[in-house]
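Please find below a colleague's note, set out as numbered points. They go from confidence to core, and then to particular side-chain pairs and backbone angles.

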Amino acid sequence: MKTRLTAAALLLATFACAPAQAWHAETHRRIVLDAINYMKTHPGSTNYAVLAAGVARAGYTMDEFSKVLAQSAIDPDDFADTFICGATTGNCQGAPLWGTIKAGAYSSYWHFQNHTSGPDVHGNPWGGYNYSKNAVHGDIDNIAAAWLVNDHLDDGPGGMNGWFGDGTKYNTYGITEANYRLGGYSTKAMYQDFQNMPFQPIDNLAQHFFQRFLNAPAVQTLGFALHSTDLLQPHHTWSTSGSNHTGWEEWAESYYYSEGLNDPALVTTAMATFTPMAATQLDLRPLLRQGGSYSYANGGAVLSSTDHTVRRTVGRKMIPHAIAMVVHVLNRAALRL
């Protein structure tokens, strides 16, 4: 039978944002806009002229394009495409039943790249969120695992069910997980118990939408792929929903400008961390994995410290690298617009 939370834990969960939504929406927006502005002010080292020409052919002004692209980079946090179903009731929900959580909250479990563990069961060099494989278990991770113990991923009518029924709403396994599988190996049995679910990593999510963009260029699908700047949020490479996750994101939004987290000189330095995508390259995951590796190696301090100086040091590494990663993606995408 499902383990129930203590009153104290439930109270904590009520005021927590779980699972965490990674960079706040405003931070995602700023990163994309700053990447486009960096390209504009560095036309000799970026494909800004090619991007501007493609945007014009598509019938946008650059301002219109930038706004749609930035909003689309936010949108994956609100996707109502992931439902988890009760082990007892069989009812499927798109968000935790505690607190005031957005309807797409469970979709955030696809937004991790776990560098604390090796290759996953799907064949990815780094897997996604998997409570049983995560080296760091923060308060929110433990609350979610206790509440969702033995709950399963919605796999459509006639699939896995609870003791008292099959309350499927979407078929997350057959749609969302399949989209992010990208030829890897998956079975429904992998998703029968929340505490062992091997969610696909965010680089697969980004690649799914980047492939769609390459097949039929659209600002929205390109923007969805740019949600992968979550990889420069260290909690998403250390793979934890807790450990000061939300507080760090709030700090990054609050001090984004005053602490110069988007300093163009730092972006220029960060550009060299990445291997530029080739003009014909179809897979952006090698680039994104470089971002994830940098985040894991250089950002872990914010999991255990709330000190302003520590956060400033990490922020002036993570945000410039996030902006630089977007610039590299846009340099390649410009050739397809």
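1. A salt bridge is taken here as a side-chain nitrogen of Lys or Arg within 4 Å of a carboxyl oxygen of Asp or Glu. By this criterion Asp-155 and Lys-188 form a salt bridge, with their closest N and O atoms 3.6 Å apart. Asp-155 lies in the loop between β3 (152–153) and α6 (173–181), and Lys-188 in the loop between α6 and α7 (202–215), so the pair ties together parts that are 33 residues apart in sequence. The two partners sit in unlike surroundings, since Asp-155 is buried with a relative accessible area of 4%, whereas Lys-188 is partly exposed at 38%.

2. The model is predicted, and the confidence should be kept in view throughout. The mean pLDDT of the protein chain is 92, with 92% of its residues at 70 or more. Over residues 1–17, however, pLDDT stays under 50, although the model has 27 contacts beyond four places in sequence for this stretch. Where pLDDT is low, the predicted coordinates should not be read in detail.

3. The largest nonpolar core has 79 residues, of which Leu-69, Phe-194 and Phe-210 touch the most other members. Helix α13 (residues 308–333) gives the most to this core, contributing twelve residues. For Phe-194, leaving aside residues up to four places away in sequence, the contacts include Ile-84, Tyr-109, Tyr-129, Leu-148 and Phe-199, together with Asn-150 and Asp-151.

4. How many salt bridges does a search of the whole structure find? The search finds eight, and one of them joins Arg-312 to Glu-259, with the closest N and O atoms 2.7 Å apart. Arg-312 lies in helix α13 and Glu-259 in the loop between α9 (245–254) and α10 (264–271), so this pair ties together parts that are 53 residues apart in sequence. Arg-312 is partly exposed, with a relative accessible area of 33%, while Glu-259 is buried at 17%.

5. A salt bridge within a helix is formed by the side chains of Lys-67 and Asp-63, at 3.4 Å from N to O. Being four residues apart in helix α4 (residues 62–74), these two residues are separated by about one helical turn. Lys-67 is exposed, with a relative accessible area of 55%, and Asp-63 is partly exposed, at 46%. Elsewhere, Glu-26, Arg-29 and Arg-30 are linked in a network of salt bridges.

6. The structure holds one disulfide, formed by Cys-85 and Cys-92 with their sulfur atoms 2.1 Å apart. The torsion about the S-S bond is about 100 degrees, so the disulfide is right-handed. Both Cys-85 and Cys-92 are buried.

7. Two backbone angles may deserve a look by the reader. Asn-150, which also appears among the contacts of Phe-194, has a positive phi of about 65 degrees although it is not a glycine. Asn-150 is found in the loop between α5 (139–147) and β3, and is partly exposed with a relative accessible area of 35%. Ser-243, likewise not a glycine, has a positive phi of about 55 degrees. Ser-243 lies in the loop between α8 (219–225) and α9, and is buried, with a relative accessible area of 17%.

Notes: Residues are numbered from 1 along each chain as its sequence is written. This is a predicted model: local features need pLDDT of at least 70, side-chain atom pairs count only at pLDDT 80 or more; totals for chains, interfaces and linings use all residues. Side-chain values use heavy atoms; hydrogens and water are left out. pLDDT is the predictor's confidence in each residue, from 0 to 100. Contact means heavy atoms within 4.5 Å. A nonpolar core is a set of buried Ala, Val, Leu, Ile, Met, Phe, Trp, Tyr and Cys residues joined through side-chain atoms within 4.5 Å. Buried means under 20% relative accessible area, exposed over 50%, partly exposed in between (1.4 Å probe, protein chains only). A disulfide is a pair of cysteine sulfur atoms within 2.5 Å.
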